[in-house]
Amino acid sequence: MMADLNNRDSFGSKFGVLAAAAGSAVGLGNIWRFPYVVGENGGGAFLIIYLFFIIVIGIPVMLSEFTIGRKAQLNPVGAFKKIAPNTQWHLVGLMGVGAAFMILAFYGTIAGWTLEYVYCSITNAFADKTPDQLAGMFDNFKAGTFRPVLWQLIFMGLTAWIVIAGVQKGIEKSAKILMPLLFVIIIILAVRSVTLPGAKEGLAFLFKPDFSKINAGVILKALGQAAFSLSIGMGTLITYGSYIKKDNNLVNTAIQVSAADTLIAILAGVAIFPAVFAFNLQPDAGEGLVFIVLPNIFQQMPGGYIFSLLFFVLLTVAALTSSISVLEVVVAYFVEQLNMTRKKATIIASISISIIGIFCTLSWGVFKNVSIFNYNIFGILEYIAANILLPLGALLIVFFVGWIMKRKIVKDEISSYGLHKNRIFNIFMLIIKFIAPIAIALVFLNGIGILKL
Ligand code: TRP
């Protein structure tokens with residue numbers, strides 16, 4: 001039945017789809033990025049705006065991506081070419097492939113740090129260090145050359161190894177094992193954190209809104225964070241959608257994946273902020289938050305050795321199930337549009353991304369004096385990808401499904417050709433035609449300063 005599609009690989013089971021898509025969504029974005037962005041941008045008020053974007057923009061964009069992917073059964077570039085032939089829409093897919101290069105480049109940096117911290121946890125390297133020593137340890141490590149690059153390359157190798165194994169035997173299989181593991185670990189950590197004396201202040205920081213910190217830039221960051229966390233806006237979920245079987249209920253899948261992603265982000269906040277406040281540390285430590293603040297906490301608390309190990313293993317697992325989804329976008333494009341074998345595509349993609357990634361990793365070391373708009377190399381890639389390319393991609397994707405694709409085709413895909421009821425179809429169309437594109441455009445133009453509201 002798939003013969004006409006060159007025996008295209010696909011996800012085998014419903015749980016597999018959920019695990020793989022949630023695996024993509026739940027990543028460093030939830031556990032490393034979400035807490036520090038919340039910490040820098042005002043806590044609870046940021047959270048409310050974030051949740052609003054997840055529901056009004058995130059879920060509809062995710063469903064739109066699944067719809068495009070499953071309809072076309074192709075990578076993002078091929079999918080736009082197939083659905084809208086002889087137009088320029090495939091450039092949206094190409095922009096996604098470009099974004100994948102950038103995201104995976106800086107993602108590998110942080111994932112590499114995570115591996116170093118797994119190693120430090122095992123060797124008990126945090127024991128008996130003062131807060132200053134721990135901060136120094138992190139700063140020295142990230143300013144180095146050999147170690148951070150080595151760990152990054154190891155992480156990229158792991159990512160490539162899973163992707164080479166294929167959609168069902170690599171991506172789906174690993175997600176089915178790793179995602180339940182991740183869930184158990186984060187629950188344990190959240191429970192441990194809220195039972196620390198003094199945890200209340202951290203919970204208040206996370207859940208009590210203070211709107212005085214909110215401005216246009218912060219609102220754009222909330223949108224960028226929502227897009228980044230849900231893996232939307234660059235074709236990852238078009239690619240995964242293309243591996244979903246025709247009888248799967250896409251609406252349920254999109255809602256479940258978004259809910260799981262949001263739950264894990266909040267749990268990560270619950271695991272981190274109470275501990276931060278319980279030990280009198282600062283929530284706005286930036287990208288070092290989990291690497292500087294948490295080791296302090298771990299080494300002061302009973303059972304810290306094991307919690308530290310658990311936490312950094314958790315972070316590695318989360319990173320891996322996401323990085324494979326980013327790499328898969330590039331690989332699917334290379335295989336289907338440029339006729340490479342999967343193995344060759346994976347090797348070429350991961351090596352070239354690693355090369356860009358090394359520049360990111362060296363942003364605090366050899367290249368620390370390179371500064372672009374006040375960001376280092378890492379920071380500028382992260383900003384452009386999360387706050388520009390993803391919102392722009394999301395905007396174009398909803399516009400495409402809302403205005404370019406035939407309504408009947410969208411309806412068929414969303415109802416799985418009449419198999420599932422589509423009570424929400426009209427609301428969905430209303431959102432993707434009007435509400436989401438207008439909201440994204442306003443937030444985006446306002447956030448980058450073109451529009452002043
Ligand atoms: N969502 C992942 C995270 O939170 C990262 C990620 C995977 C991603 N695929 C993506 C981000 C596609 C943007 C686009 O860590």
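Okay, cavities. If you search this whole structure, which is a predicted model, you find four cavities of 30 Å³ or more. I'll talk about two of them.

Let's take the largest cavity. It holds about 140 Å³ of space. Its lining is made up of 16 residues, and the ones closest to the centre are S24, I103, F228, S231 and V326. Maybe find those five on the screen while I go on.

So where does that lining come from? Four helices each put in at least two residues: helix 1, running 14-25, helix 5 at 90-122, helix 10 at 216-230, and helix 14 at 304-337. And which helix gives the most to the lining of the largest cavity? That's helix 14, with three residues.

Now, what kinds of residues are we looking at around the largest cavity? Nine of the lining residues are nonpolar and seven are polar, with no charged ones.

Okay, on to the second largest cavity. Here we have about 90 Å³ of space. Three helices each supply at least two lining residues: helix 8, which is 167-194, helix 12, which is 250-278, and helix 13, which is 289-300.

If you want to click through the wall of the second largest cavity, go to L189, R192, S193 and L196, then A271, I272 and A275, then L294, I297, F298 and M301, and finally F311. Sorting that lining by type, you get 10 nonpolar residues, one polar and one charged.

So, back to the two linings. Around the largest cavity there are no charged residues, while the lining of the second largest cavity has one. That's my bit, thanks!

Conventions:
Residues are numbered from 1 along each chain as its sequence is written. This is a predicted model: local features need pLDDT of at least 70, side-chain atom pairs count only at pLDDT 80 or more; totals for chains, interfaces and linings use all residues. Side-chain values use heavy atoms; hydrogens and water are left out. On a 1 Å grid over the protein atoms alone, a cavity is a set of points where a 1.4 Å probe fits but cannot get out, and a pocket is an open set with protein on both sides within 12 Å along at least five of seven lines; lining residues have an atom within 4 Å of a point. Grid points are joined across faces, edges and corners, and a volume is the space filled by probe spheres set on the points. Ala, Val, Leu, Ile, Met, Phe, Trp, Tyr, Cys and Pro count as nonpolar, Asp, Glu, Lys and Arg as charged, and the others, Gly among them, as polar.
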